[in-house]
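Could you walk me through this structure, strand by strand and helix by helix? I would like to follow the pairings, the packing and a few single residues along the way.

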Amino acid sequence: EFEMQSCDLTPYNMFVKVSFPFAQAEVAKGDVVESGVMIRNSEVGWGSCSVTLFVHRLVCTNGMVLPETIYQARKYHSGARLSVDEHSREIISDRTRMIEDQAFLSSLHDIIDTARNPKTIENIAESFKEASEDIIEGEVKEVVERLSKRLLITSNEQDSVLEHLIRDGDLSRWGFANAVTRTAQDSKSYDRATELEKLGGNVIDMPSNEFMRLAA
């Protein structure tokens, strides 16, 4: 009941991104998005294991990772730090790890169940619709420069964002977010592509008044 959108094993992370075709909603006529999850793990100390809500846009196969404050479970890789004797440390550590793992797996299942719920993507689509009402009013190139600086998008990526934004013709906050996530497809690094997908989600999460100030 899921579709694999992409996966990769980079020098720093393992990524798995899946979507659920039965959990879809329309942002606009013909612009369909579907809910999914991104699983990320690192065994080299680059970060924690996390499960985050992922949105797949069908019209252009863009992916968007929603901000970490929304629907995320995270488990850090850490050893035991107990001031007890070696035997007790082994017993208590194993028990503690088991409890922590059970709690993490429970959170993981909760997020997947949330992503599988069609109501979730309907609610998210509403936030996309709200973003589509915030229209860029200033000179487009200058606005892209300001927003790129705010989001820490590189100059080369900025050119790509501008190109995709103009090509798609949607000069809204939703359109800008999609230009960022479309730029992710141009990245040769899967890690960076995922970061750009996160930045697209950050654009949606950005307060309307802040976006409009930068887009004026």
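What follows goes from paired strands to packed helices, with stops at individual residues.

Please keep in mind that this is a predicted model. A good place to begin is strand E3, which spans residues 31–41. Is E3 mostly covered or mostly open? Strand E3 is mostly covered, with 10 of its 11 residues buried. On one side of the pairing story is strand E2, residues 14–28, which runs antiparallel to E3 and is joined to it by 10 bridges. If you want a register mark for this pair, look for valine 16, which stands opposite isoleucine 39 in E3. The hairpin of E2 and E3 has two residues between the strands, and glycine 30 there takes a positive phi near 85°.

Strand E3 has another partner to look at, strand E4, residues 49–57. E3 and E4 also pair in the antiparallel sense, here over eight bridges. For the register of this pair, find glutamate 34, which stands opposite histidine 56 in E4. As background for viewing any such strand, side chains in a regular strand alternate between the two faces of the sheet.

Moving on from E4, you come to the loop between E4 and strand E5 (62–65), where threonine 61 is found. What is the sign of phi at threonine 61? Phi is positive, about 55°, although threonine 61 is not a glycine.

Now for the helices, starting with H3, residues 140–151, where valine 143 has its place. Valine 143 has a relative accessible area of 0%, so it counts as buried. Which residues does valine 143 touch, once its neighbours within four places in sequence are left aside? The contacts are Ile136, Gly138, Leu214, Ala215 and Ala216. Alanine 216 is 73 residues away from valine 143 in sequence, yet the two C-alpha atoms are 7.4 Å apart in space.

The loop between H3 and H4 holds leucine 152. Leucine 152 has a positive phi of about 65° although it is not a glycine. Its relative accessibility is 69%, and because anything over 50% is classed as exposed, leucine 152 counts as exposed.

Next comes the packing of helices, and a reminder may help: two packed helices are described by the angle between their axes and the distance between the axes. For helix H4 (residues 155–168) and helix H5 (residues 173–184), the axes come within 8 Å and cross at roughly 125°. H4 and H5 are therefore oblique to each other, and their crossing is right-handed. The contact is made by Glu157, Ser160, Val161, His164 and Leu165 on the H4 side, and by Gly175, Phe176, Ala179, Val180, Arg182 and Thr183 on the H5 side. By class, this contact of H4 with H5 has five nonpolar, four polar and two charged residues.

Helix H5 also packs with helix H6, residues 190–205, with axes that come within 7 Å and cross at roughly 175°. An angle over 145 degrees counts as roughly antiparallel, so H5 is roughly antiparallel to H6. Among the H5 residues that meet H6 are Trp174, Phe176, Ala177 and Val180, while the H6 residues that meet H5 include Leu196, Leu199, Val203 and Ile204. The contact of H5 with H6 divides into 10 nonpolar, three polar and two charged residues.

Technical notes:
Residues are numbered from 1 along each chain as its sequence is written. This is a predicted model: local features need pLDDT of at least 70, side-chain atom pairs count only at pLDDT 80 or more; totals for chains, interfaces and linings use all residues. Side-chain values use heavy atoms; hydrogens and water are left out. Axes are lines fitted to C-alpha atoms, for helices over the stretch in contact, and angles run from 0 to 180 degrees between N-to-C directions. Helices (H or I, at least four residues) and strands (E, at least two) are DSSP runs, numbered from the N terminus. Angles under 35 degrees count as roughly parallel, over 145 as roughly antiparallel, 65 to 115 as roughly perpendicular and the rest as oblique. A crossing is left-handed if the near helix is turned anticlockwise from the far one by less than a right angle, and right-handed if clockwise. Contact means heavy atoms within 4.5 Å. Ala, Val, Leu, Ile, Met, Phe, Trp, Tyr, Cys and Pro count as nonpolar, Asp, Glu, Lys and Arg as charged, and the others, Gly among them, as polar. Buried means under 20% relative accessible area, exposed over 50%, partly exposed in between (1.4 Å probe, protein chains only). Two strands pair if DSSP finds at least two bridges between them.
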